[in-house]
Amino acid sequence: MLQLQWPGSESDKRVLLHACCAPCSSAILECLLQNGITPVVYYFNPNIYPLEEYTIRKEESKRQNDTLGVEWIDGDYNHEAWLCHTHGLESEPERGSRCLKCFQMRLLSTAQLAVSRGIPFFTTTLASSRWKDIKQIETAALYAQEKVDNKTLFWTQNWRKGGLSERRIQLLKEGNFYNQLYCGCEFSMRKPE
């Protein structure tokens, strides 16, 4: 088991975990729980397209958290707001400026929820994906932290290390979770030319 260094007070070991999907959440949730940290999961992913894909991922995330007895919060699905937020960046490549804008939107909502719930830290499963740029995620998270006047802080834990990537693969099979083949947005579904 990965030994986590909790960045906060021992008297309040809660973290709001922004979850993109059940597979990416699995090893992180297990690790948090084994380290005595109480996660509250926030499923906020207005980038996912189409609605059927969003629904499958959402239901899998809820199923996972129900099984673990972890509080799970459903964020609103407003794909039109996400399209407006990323307008003009449709042609950007993966890891480009569209991804940064997407992360900013999702992590700002996460930070705002953490503040409203009095949760001292937030983090995201996005940082567990080898397909995502960790620096970009941290930039978006620090933007969100600043926007809420540092009333909640981003926990900059590298969720790819300490055997978590390998454990994710095991838990994916054990839980028989749906495993998507693209990040979620329609612009990442483009066929190569």
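This briefing walks through the fold, the aromatic rings and a few individual residues of the protein shown above. The model is predicted, so please read every value below as computed from it. The protein has six helices and five strands, and its 193 residues are 51% buried. Its radius of gyration is 16 Å, close to the 16 Å expected from the globule rule for 193 residues, so the protein is as compact as a globular protein of that length.

**Overall fold**

- Reading from the N terminus, you will meet the elements in the order β-α-β-α-β-α-α-β-α-β-α.
- The C-alpha trace spans about 50 × 40 × 25 Å along its principal axes.
- Among contacts with a separation of 6 or more, 77% are between residues 24 or more positions apart.

**Surface and charge**

- The accessible surface of the protein is about 9600 Å², and carbon and sulfur atoms account for 51% of it.
- The protein carries 23 positive and 23 negative charges, and the mean positions of the two sets are 4 Å apart.

**Aromatic rings**

- A pair of aromatic rings is described by the distance of the centres and the angle of the planes.
- The count of aromatic pairs in this protein comes to nine.
- One of them is the stacked pair of Tyr 42 and Phe 44, with 5.6 Å from centre to centre and 5 degrees between the planes.
- Both partners are buried: Tyr 42 has a relative accessible area of 7%, and Phe 44 has one of 10%.
- Tyr 43 and Trp 72 form a stacked pair as well, with centres 6.1 Å apart and planes at 25 degrees.
- Tyr 43 belongs to strand E2 (residues 38-43) and Trp 72 to strand E3 (residues 72-74), so this pair ties together parts that are 29 residues apart in sequence.
- Are Tyr 43 and Trp 72 buried or exposed? Tyr 43 is buried because its relative accessibility of 0% is under 20%, and Trp 72, with a relative accessible area of 14%, is buried too.
- Elsewhere, ring pairs join Trp 6, Phe 121, Trp 155 and Trp 159 into a cluster.

**His 18 in strand E1**

- His 18 sits in strand E1 (residues 14-18) and is buried, with a relative accessible area of 0%.
- Its C-alpha atom is 6.2 Å from that of Thr 123, although His 18 and Thr 123 are 105 residues apart in sequence.
- Which residues does His 18 contact, leaving aside neighbours within four places in sequence? They are Tyr 42, Phe 44, Asn 45, Arg 106, Leu 107, Thr 110, Thr 123, Thr 124, Thr 125 and Leu 126.
- That list includes Tyr 42 and Phe 44, the two rings of the stacked pair with 5 degrees between the planes.

**Asn 179 after helix H6**

- Asn 179 is located in the segment that follows helix H6 (164-175).
- With a relative accessible area of 33%, Asn 179 is partly exposed, because partly exposed covers the range between the under 20% of buried and the over 50% of exposed.
- Asn 179 and Cys 21 are 158 residues apart along the chain, and their C-alpha atoms are separated by 8.5 Å.
- Not counting residues up to four places away in sequence, Asn 179 touches Pro 23, Arg 168 and Leu 172.

**Backbone details in the loops**

- The peptide bond from Tyr 49 to Pro 50 is cis, and its omega is near -5 degrees.
- Where is Pro 50 found? Pro 50 is in the loop between E2 and helix H2 (51-68).
- Asp 149 is a residue other than glycine with a positive phi, near 55 degrees.
- Asp 149 lies in the loop between helix H5 (134-147) and strand E5 (153-154), and at 56% relative accessibility it counts as exposed.
- Asn 150 also has a positive phi in a residue other than glycine, here near 60 degrees.
- Asn 150 is likewise placed in the loop between H5 and E5, but at 46% relative accessibility Asn 150 counts as partly exposed.

Terms used
Residues are numbered from 1 along each chain as its sequence is written. This is a predicted model: local features need pLDDT of at least 70, side-chain atom pairs count only at pLDDT 80 or more; totals for chains, interfaces and linings use all residues. Side-chain values use heavy atoms; hydrogens and water are left out. Helices (H or I, at least four residues) and strands (E, at least two) are DSSP runs, numbered from the N terminus. The radius of gyration is taken over C-alpha atoms; the globule rule is 2.2 Å times the number of residues to the power 0.38. Buried means under 20% relative accessible area, exposed over 50%, partly exposed in between (1.4 Å probe, protein chains only). Contact means heavy atoms within 4.5 Å. Accessible areas come from the Shrake-Rupley method with a 1.4 Å probe; for residues, only the protein chains shown count as cover. Lys and Arg count as positive and Asp and Glu as negative; His and the chain ends are not counted. The place of a charge is taken as NZ of Lys, CZ of Arg, CG of Asp or CD of Glu. Rings of Phe, Tyr and Trp (its six-membered ring) pair if their centres lie within 6.5 Å; planes under 30 degrees apart count as stacked, over 60 as edge-to-face and the rest as tilted.
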